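Student: Got a minute to go through this one with me? I'd like to cover pockets, strands and a helix.

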Amino acid sequence: MSPTPAITPAPRAEHDAIIRHAFGATLRGDGADFVVHAAHAEAVDLCLFTTDAAGAILEETRIGMHGPHQGAWSAHVPGIRAGQRYAYRVHGQWRPREGLLHNPHKLLLDPYARALDGTVTLGPELYAHEVTEDLAPTSHEWRLSTLDSAGSTVLGVVTGQSFAVVAGPRVPRERTVIYEAHVKGLTHDLPGVPAELRGTYAGMAHSATVDHLKKLGVTSIELLPIHASFTEPFLAQKGLTNYWGYSTLSYFAPEPSYATAAARAIGPQAVLDEVRGMVSILHEEGLEVIMDVVYNHTCEGGMDGPSLSLRGLDNLDYYLHGPHRPAQYVDVTGTGNTVDFRSTRAVQLAMDSLRYWVTEVGVDGFRFDLAVTLGRNASEFTARHPLLVAISTDPDLAGVKLITEPWDVGPGGWRTGQFPEPFQDWNDHFRDTARSFWLHDASEMSKGRLGSDLRDLATRLSGSADLFGYGEYPGGRGPLGSVNFVTAHDGFSLRDLVTYDHKHNLANKEDNRDGTNNNRSWNHGHEGPTVEGLNLGPIEVLRRRSMRNMLGTLFLSAGTPMLLGGDELGRTQEGNNNCYCQDSPLSWVDWDLETWQRDLTATTRFLIHMRQAHPVVRPDRFATGRILEGDTIADLSWFGGDGEPMDSASWHDPHIRVVQMLRSGRLWNDDDLLVVINGSLDQAEVLLPEGHGADWHVAWDSSWAVPQPHTSPFALARRVNRGMPEKEARSLASQESSRERPCRQDRPGDTTSMDALSLRVYFSGEPLETLSRIRN
């Protein structure tokens, strides 16, 4: 690790780029155009590499680029073909106090590179300023590092033509069910996937994976980041990695480590083709692919981080700096740096990346990490930010799913419900309400304290009109603008929500300081897994019911549901609510299932298919609470356990924990839906309300370990009394004891019993008949 001689700019290329505004490396004419943005540079060298079979650099050829033209440098090089390795060296002023960090000793990755070769090796060579072996600056006044980073960082690779990707199914919003998963974690241990495909893009598209997803009934796979990434130095120094991938190195190139060994051996083009093949196969199976994308920051970290790409090319233009403090970053992401989307080139980089993944790779949508950052003009967020408007109106992005994580850590960073159409927002209010009602409130009540009232639960069940009923169009974005979820990659899994009161993150080597403390979980009286032989069976029974309650709430609520991959199996992370750095069995899905886990999978599958079969469960507009034209009951009604409409006092009373939601199916030519909820710790008797003059058929009850196809015996067992005159009730009871047993289903006016902490679903059945007609 010795200093290299001073590097002077190379002679300029004979030819300028044919098209100087098309950034990246593009095969054109007799060779290739290369265009890169570096507005504050004094010269830029294109570096072409010859490498051996192991990827080691054998030769570097430097070519000076023409420019700058509106901040861009460009060159056309004849003879270039697909597979050419390249990078850039940037010459310019070294004035760290002014944010100028040009250092030609550092090879810089093209931000537009479609494929990568090599790996980034953490060490002093990566830093534009001199650092110690521990990566700390050698002096207060940063000195320019003369260590060459060639051989320690990745190279871009020129890509060529490939096969056409199969078009996506374009699932309508009202039928969308999202499944959030990690490419490696989902398939690493999945039976049926060959060993060489496990944990890879090809494994994600394998028939065993597809079979599970299709049987489950989900429509859209939301993949945690597959952009190429680089682990933060503080993690690498602990021997950990950024498993989730929220540390982006390239906005265009896929993460090579998720490709099969065979593809990586063939070369970077094969890695990209494996991604395209995955998308094609999933499309053929009717599944959409949504990418989780991280445009808000990069892996270069704070000002004292490594110089890998954007920082060395144009630190001042790409990153957000403090007012009048160019040597300091404004960090609203919690990662050290923030991409400055006041910059035209930063906006263009994000837009070009999105277009590429849609038009060339074929993905069907994006989930934007810390999306508030994308709408900031420095400190202030605006829903009409140029980047958000561009994404919303770009013709190449028309029709793809655009989902925001509507917060960051900056001032005013919580913006759920405030993004414009056609964005959909992750609804953290839904998450917190579902957890609070079923878990935190129950925990409080078990200690003799009060829980919350029913208002927030009803708001979430009916689509969160308080958040999504407003906007630039009348009626807002509607209930489908809300992406409802109970769990996501960040936080407890569903199983851990019902097993732990506190996070257990010691494996992350931060003394359990990382991860949120606001879990709203409940261990049901025992922290951690139940120990065999300690008579903890009742706790386990209730834990499983609590999981079913939250799944039922998720799939019965108006909005777009998102299921965390593995929750259908009751996957645990052993209480770790921040597994971002755990590339281990702690994060991988364990497919060695116990009976109760198979039962939970069957329940999840049943709920999703029930949702798809009944449009009344997935309304595309907010209810009014009024009787609409052509109907005889309100589109949405709320009743107490006594069968009477909820009044204001009942909504505000935390002692009342029983509520019934009746949604008319007339608007969708569907059955009526009745959801009965008992959020109390005691069994409750519930009088069923009147719908459209039909009986009520039990579809599902969260007290069931598995869905029950024949529910008449259940209805009879739970019925307390018939809601009719005593004489007719006696006559009907006599007939029900006979062989024909008519009217096995529940009826309006019947009283039925509900278990503590349980949820039941009814759909309207046959029209009610008088007893005289039954007798005849």
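**Pocket, cavities, strands and a helix**

Tutor: Helix H4 (233-236) and helix H10 (428-446) each give at least two residues to the lining of the largest pocket. Keep in mind that this is a predicted model.

Student: Which helix gives the most to that lining?

Tutor: H10 does, with 3 residues.

Student: How much space lies in the largest pocket, and which residues lie nearest its centre?

Tutor: About 1400 Å³. The lining has 50 residues, and Thr333, Gly334, Thr335, Asp490 and Asn578 lie nearest the centre.

Student: How do the lining residues of the largest pocket divide by class?

Tutor: There are 16 nonpolar, 20 polar and 14 charged residues.

Student: Now closed spaces. How many cavities of 30 Å³ or more does a search of the whole structure find?

Tutor: It finds 5. The largest cavity holds about 180 Å³ of space. Its lining has 16 residues, with His182, Leu564, Gly565, Arg571 and Ser587 nearest the centre. Strand E12 (178-181) and helix H1 (183-187) are the elements that give two or more residues to this lining.

Student: And the classes in the lining of the largest cavity?

Tutor: That lining has 8 nonpolar, 6 polar and 2 charged residues.

Student: What about the second largest cavity, what is its volume?

Tutor: About 100 Å³. It is lined by 13 residues, and those nearest its centre are Leu249, Ser250, Thr298, Ser309 and Leu310. By class, the lining of the second largest cavity has 8 nonpolar, 4 polar and 1 charged.

Student: Switching to strands. Why is E7 described as largely enclosed?

Tutor: E7 spans residues 85-91, and 7 of the 7 are buried, so the rest of the structure largely encloses it. Buried here means under 20% relative accessible area.

Student: Which residues sit on each side of E7?

Tutor: One side has Arg85, Ala87, Arg89 and His91. The other has Tyr86, Tyr88 and Val90. In general, side chains in a regular strand alternate between the two faces of the sheet.

Student: How many bridges join E3 to E7?

Tutor: There are 7, and E3 (residues 43-51) runs antiparallel to E7. Leucine 48 stands opposite tyrosine 86 in E7.

Student: What is the bridge partner of tyrosine 86 in E11?

Tutor: Glycine 156. E11 (residues 155-157) is joined to E7 by 2 bridges, and these two strands run antiparallel.

Student: On to H9. Which of its residues are buried?

Tutor: In H9 (residues 386-393), Leu387, Leu388 and Ile391 are buried. Seen down the helix axis, the buried residues of H9 fall within an arc of 100 degrees, so they line one face. Pro386 and Thr393, on the other side of H9, are exposed.

Student: What covers the buried residues of H9?

Tutor: The cover includes helix H8 (344-359) and three strands: E17 (365-368), E19 (380-381) and E20 (401-404).

Student: Stay on E17. Are its two faces covered or open?

Tutor: Both are covered. Gly365 and Arg367 are buried on one side, Phe366 and Phe368 on the other.

Student: In which sense does E14 pair with E17, parallel or antiparallel?

Tutor: Parallel, over 4 bridges, with E14 at residues 288-293. Aspartate 292 stands opposite arginine 367 in E17.

Student: And how do E17 and E20 run, parallel or antiparallel?

Tutor: They run parallel, joined by 4 bridges. Glycine 365 stands opposite lysine 401 in E20. E20 is also among the elements covering the buried residues of H9.

Technical notes
Residues numbered from 1 in each chain as written. Predicted model: local features only at pLDDT ≥ 70, side-chain atom pairs only at ≥ 80, totals over all residues. Heavy atoms only, no water. Buried < 20%, exposed > 50% of the residue type's maximum accessible area, 1.4 Å probe, protein only. Pairing = 2+ DSSP bridges. 1 Å grid on protein atoms, 1.4 Å probe; cavity = no way out; pocket = protein on both sides within 12 Å on 5 of 7 lines; lining within 4 Å. Points joined across faces, edges and corners; volume = space filled by probe spheres on them. Nonpolar A, V, L, I, M, F, W, Y, C, P; charged D, E, K, R; others polar. Arc of directions from axis to C-beta. Contact = heavy atoms within 4.5 Å.
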